[in-house]
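Hi,

Here is the structure I promised to pass on. Have a look at it first, and then read my notes below.

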Amino acid sequence: MKEEKKNDLATLLGYAGSHKGLTFLGLALSAVSMLLSMAPYICIWLAARDLIAVAPDWTQAQNVTRYGWLAFAFAVGGIVLYFVGLMCTHLAAFRTASNIRKQGVAHVMKAPLGFFDSNASGLIRGRLDAAAADTETLLAHNLADIVGTVVLFVAMLVLMFVFDWRMGAACLLAAVISVIAMFSMMGGKNAKLMAEYQAAQDRMTKAGTEYVRGIPVVKIFQQTVYSFKAFQQAIEDYSNKAEHYQADVCRVPQSVNLTFTEGAFVFLVPVALFLAPGALAGGDFAGFVTNFAFYAVFSAIISTALARIMFAASGMMLAGTALGRISQVMDAPALEIPGHPQVPKGNRVEFKDVSFTYDGSETPALSHVSFTAEPGQTVALVGPSGGGKTTAASLIPRFWDATSGVVEVGGVDVTQIDPHVLMDQVAFVFQNNRLFKASILENVRAARPEATREQVQAALMAAQCKDILEKLPDGLDTQIGSEGTYLSGGEQQRIALARAILKDAPIVVLDEATAFADPENEVLIQKAFATLTKGRTVIMIAHRLSTVVGADTIIVLDEGHIVEQGTHGELTAAGGLYARMWTDYNQAVQWKISSEKEAE
Ligand code: ADP
């Protein structure tokens, strides 16, 4: 456990780079400031000694004012050093957090595109940002506090035994009892209870989020009680666990803890009373009273020290979780870049005995898949949902790399092609192709930054986007996603197609899903598809069989295996899975047409 924390800290300081020294300087200053803040207590002891020695003729105590000023100077010095120290740790912490963000983003840039499918970019950003902010608190505050606390403790121990070890031990006993009470709340079987209580809190937060997300559904379907049953249960469960933890686990130890931290002198007074007769007899009663005065004042420090330990411990825990989240990002696989890239010759796409299993999955999404798309040909991937169509298409632009077997473009293994060359060669339009919050011009031009305005315009026309441009206030320069300019799913797809058309890549990987499109959009999208695919090598994920009738080859994928391949004519004649799908499809179309007629 201890080892792990040390590693966490070392990892964190690793991100500080050249600012690591500043962190150490800050910590050293914080330690010195803590020592300075103890000095006034010694001044108090000195002043008390002088006063008691001359009592009741107080005017004789000439040094008291000097001690007062000294105490003030030490206190102010301590505060000033503390602030300077904090400034150093803050500077280092900000740099560290910014390094974490930069390195995280740099690393993510190297990840294969598929990584972003399972880790939405917003999520990655959120994860990095929150984690970096959490480490900021640790480095800027908690670490300095931890060092300060250690110094405070050592100094406290020394001071406790310097003047009168018996009274020192009495103060320390109170501190020890508080610490034992504090740890009894967290250790042993209570640790499990605390974990359960925190898990219940997490579940409640999640259920709350789901509930808020589901509000539209609740409203539409007029659901009331049932809809928030899960949320309500999560709240009740949390409330029971919290009550049980607080009432049965924390009540006694927390009361003991607070009593002894706040009232460290409970042992001091009886011990002092016990020692007083001896001191009187010994002749140094004044010294004894001075020491008692010192410990009575000094015991107040104990509660500060203990509170600091609590904060520091929670800071360490927070930083540990933050580092865990950072490593989730930093451990993302990096796309391997070939050392000696080869140049693809031509536009043939070939799968050679390709298998692929997703990370964390037991069953392969693709098993021994082989097929060829000759230059200019269209290969359609069809089959039941989950068959592996999207996975197969994703391997061509290297969203993922095949687990075994080879995917070739122009006769070269895609992993041996310079990723930039591969990206120039392949245009892909997938269902989740997103548009940026930018103008339409910039969105389309992302495919080919050097394209002129006219070329972008032409691509948009070829992708049947004329109506979109006409209805938007600033035409090509309209910002998408701002000031109420939102496009429908079908319109977004046409813009994405314009982007692919502008790219003018010889190979097109395409998901023809038009699930979001209304009939008018669908006709236009089909026209845009026709323009995009003309004269190119096309690998198309087909959902509606009408679009694959003309394909050169149809690959039927089921559970990751190619179960059939051939042309539409061959496959319908073969009477296999494809033929059955074709019959079902026609029935569905007929049903749709007749229900539409009835509706008229
Ligand atoms: P299709 O496009 O034919 O519907 P997919 O290629 O999307 O099929 O999926 C093939 C199999 O791989 C399915 O069993 C699916 O659950 C699984 N799969 C798809 N994407 C992922 C992913 N990112 N992580 C893990 N498994 C996945």
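**Two helices and a ligand site**

In helix 11, Ala 296, Val 297 and Phe 298 meet Ala 300, Ile 301 and Ile 302 of helix 12. That contact is made up of 6 nonpolar residues, with no polar and no charged ones. Before you go further, bear in mind that this is a predicted model.

As for where these helices sit in the chain, helix 11 covers residues 285–298 and helix 12 covers residues 300–330. Their axes are 4 Å apart and the packing angle is about 30°. Angles under 35 degrees count as roughly parallel, so helix 11 and helix 12 are roughly parallel to each other.

Now to the ligand. Which residues are around it? You'll find Tyr 358 and Ala 365, and then a run you can follow along the sequence: Pro 384, Ser 385, Gly 386, Gly 387, Gly 388, Lys 389, Thr 390 and Thr 391. By type, this shell divides into 3 nonpolar residues, 6 polar and 1 charged.

Some polar contacts are worth bringing up on screen. With Thr 390, an N or O atom of the side chain is 2.4 Å from an oxygen atom of the ligand. Two glycines take part through their backbone: a polar backbone atom of Gly 386 is 2.7 Å from a ligand oxygen, and for Gly 388 the distance from a polar backbone atom to a ligand oxygen is 2.9 Å. How much of the ligand does the protein bury? Taken alone, the ligand exposes 560 Å², and the protein buries 60% of that.

Cheers

Conventions:
Residues are numbered from 1 along each chain as its sequence is written. This is a predicted model: local features need pLDDT of at least 70, side-chain atom pairs count only at pLDDT 80 or more; totals for chains, interfaces and linings use all residues. Side-chain values use heavy atoms; hydrogens and water are left out. A residue is near a molecule or strand if one of its heavy atoms lies within 4 Å of it. A polar contact is a pair of N or O atoms within 3.5 Å; within protein, one must be able to donate a hydrogen and the other to accept it, and residues adjacent in sequence count only if both atoms are side-chain atoms. Accessible areas come from the Shrake-Rupley method with a 1.4 Å probe; for residues, only the protein chains shown count as cover. Ala, Val, Leu, Ile, Met, Phe, Trp, Tyr, Cys and Pro count as nonpolar, Asp, Glu, Lys and Arg as charged, and the others, Gly among them, as polar. Axes are lines fitted to C-alpha atoms, for helices over the stretch in contact, and angles run from 0 to 180 degrees between N-to-C directions. Angles under 35 degrees count as roughly parallel, over 145 as roughly antiparallel, 65 to 115 as roughly perpendicular and the rest as oblique. Contact means heavy atoms within 4.5 Å.
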